[in-house]
Amino acid sequence: MNWCFSFGGGCLRVEGARKKGTIFPYNGARRSENSMKLEGHLRKMRTSHGETVRYGLLLDEQEISLNDLLGSRIRLSFLDKIHCIECGKLTKKSWQQGHCYPCTLKLASCDVCIVKPELCHYAAGTCREPKWGEDHCMKTHVVYLANSSGAKVGITRETQVPTRWMDQGAVQALPIFKVKTRLDSGLVEKMLGEHVADKTNWQRMLKGDPESIDLRALADKIIDEVGDALKPLVLERLDVPAYNFNYPVTKYP
Ligand SMILES: [Zn+2]
């Protein structure tokens, strides 16, 4: 079923039985008047931070609470159509999480510097969409340590805290630096990444919660190891409490 969730713009049908405004278990052959069917284009799931992380499956304007469906049977069907999440055109294949190919070549949000922030080329005057770059990349970023399948370093826009960590499935996260731009965040991430991983091992995440890590002690240690090279890039060393996340997992596979 994972492939259903791996691209945006794909047209999906979700079936279950409707009761009190939520979706109830899909009941196979027996269709009552309560049974329901929702169709729409898949978008990135919405997450919210609470005692337990909550996930909303977005189909166009509709949001389905996945937490409420845990333990229930529902049917998901891919309807063999993908529409680009940017221009809406029909596309055979989904590129970069829901775009048609021409849009991936045109949009700044699909450029390589989005996955490799240290390659941000805004300053060279070659940003594909300078206005988008100003709004997204020339903004304060946060460098953090997180624990999803072990410790890793990462970066995010300040406005993406704490969504970024729930998207990654991190159980702990500690913001450590504020920096001025996406480029600076990428450079700092690279320096720290030489002392701690910068990748997530998703296979390991399927085996259960990772062991708790003292992220603050780890941050002190690697910042010390990198030393003065960080100074010109860092706006502020953060001293905030670590975030903790509990996921609505009933059983690991
Ligand atoms: Zn497009």
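Two strands are taken to pair if DSSP finds at least two bridges between them. On this criterion, the predicted model contains an open sheet of 3 strands, arranged in the order β4-β5-β6 with antiparallel pairing. Strands β4 (46-48) and β6 (62-65) occupy the edges of this sheet, and because each has a single partner strand, one side of each is left without a neighbour in the sheet. Direction ignored, neighbouring strands of the sheet are turned against each other by 25 degrees on average.

The pairing can be followed from strand to strand. Between β4 and β5, the antiparallel pairing extends over 3 bridges, and within this pair Thr-47 has Tyr-55, in β5, as its bridge partner. The connection from β4 to β5 is a hairpin, which passes through 5 residues. On the other side of the pairing scheme, β5, comprising residues 54-59, is joined to β6 in the antiparallel sense over 4 bridges. Here Leu-58 is bridged to Glu-63 of β6, while Leu-59 has Gln-62, also in β6, as its bridge partner. The hairpin formed by β5 and β6 has 2 residues between the strands, and Asp-60, which lies in the turn, adopts a positive phi of about 50 degrees.

A further part of the analysis concerns the nonpolar interior. The largest nonpolar core of the model comprises 28 residues, and those with the most contacts inside this core are Val-143, Tyr-144, Leu-145, Leu-174, Ile-176 and Val-188. The elements that contribute two or more residues to the core are the strands β8 (141-147), β9 (151-157) and β10 (172-179), together with the helices α4 (163-168), α5 (182-193) and α7 (215-226). For Tyr-144, when residues up to four places away in sequence are not counted, the contacts are with Gly-154, Thr-156, Ala-173, Leu-174, Pro-175 and Ile-176.

Tyr-252, by comparison, is located in the segment that follows β12 (243-244). This residue is classed as exposed because 9 other C-beta atoms lie within 10 Å, the limit for that class being 12 or fewer. With neighbours within four places in sequence left aside, Tyr-252 is nevertheless in contact with Leu-206, Lys-207 and Gly-208. In the case of Leu-206, the separation from Tyr-252 amounts to 46 residues in sequence, whereas the C-alpha to C-alpha distance in space is 6.3 Å.

Key
Residues numbered from 1 in each chain as written. Predicted model: local features only at pLDDT ≥ 70, side-chain atom pairs only at ≥ 80, totals over all residues. Core = buried A, V, L, I, M, F, W, Y, C linked by C-beta atoms within 7 Å. Buried ≥ 20, exposed ≤ 12 C-beta atoms within 10 Å, placed from the backbone. Contact = placed C-beta atoms within 7 Å. Axes fitted to C-alpha atoms, helices over the stretch in contact; angles between N-to-C directions.
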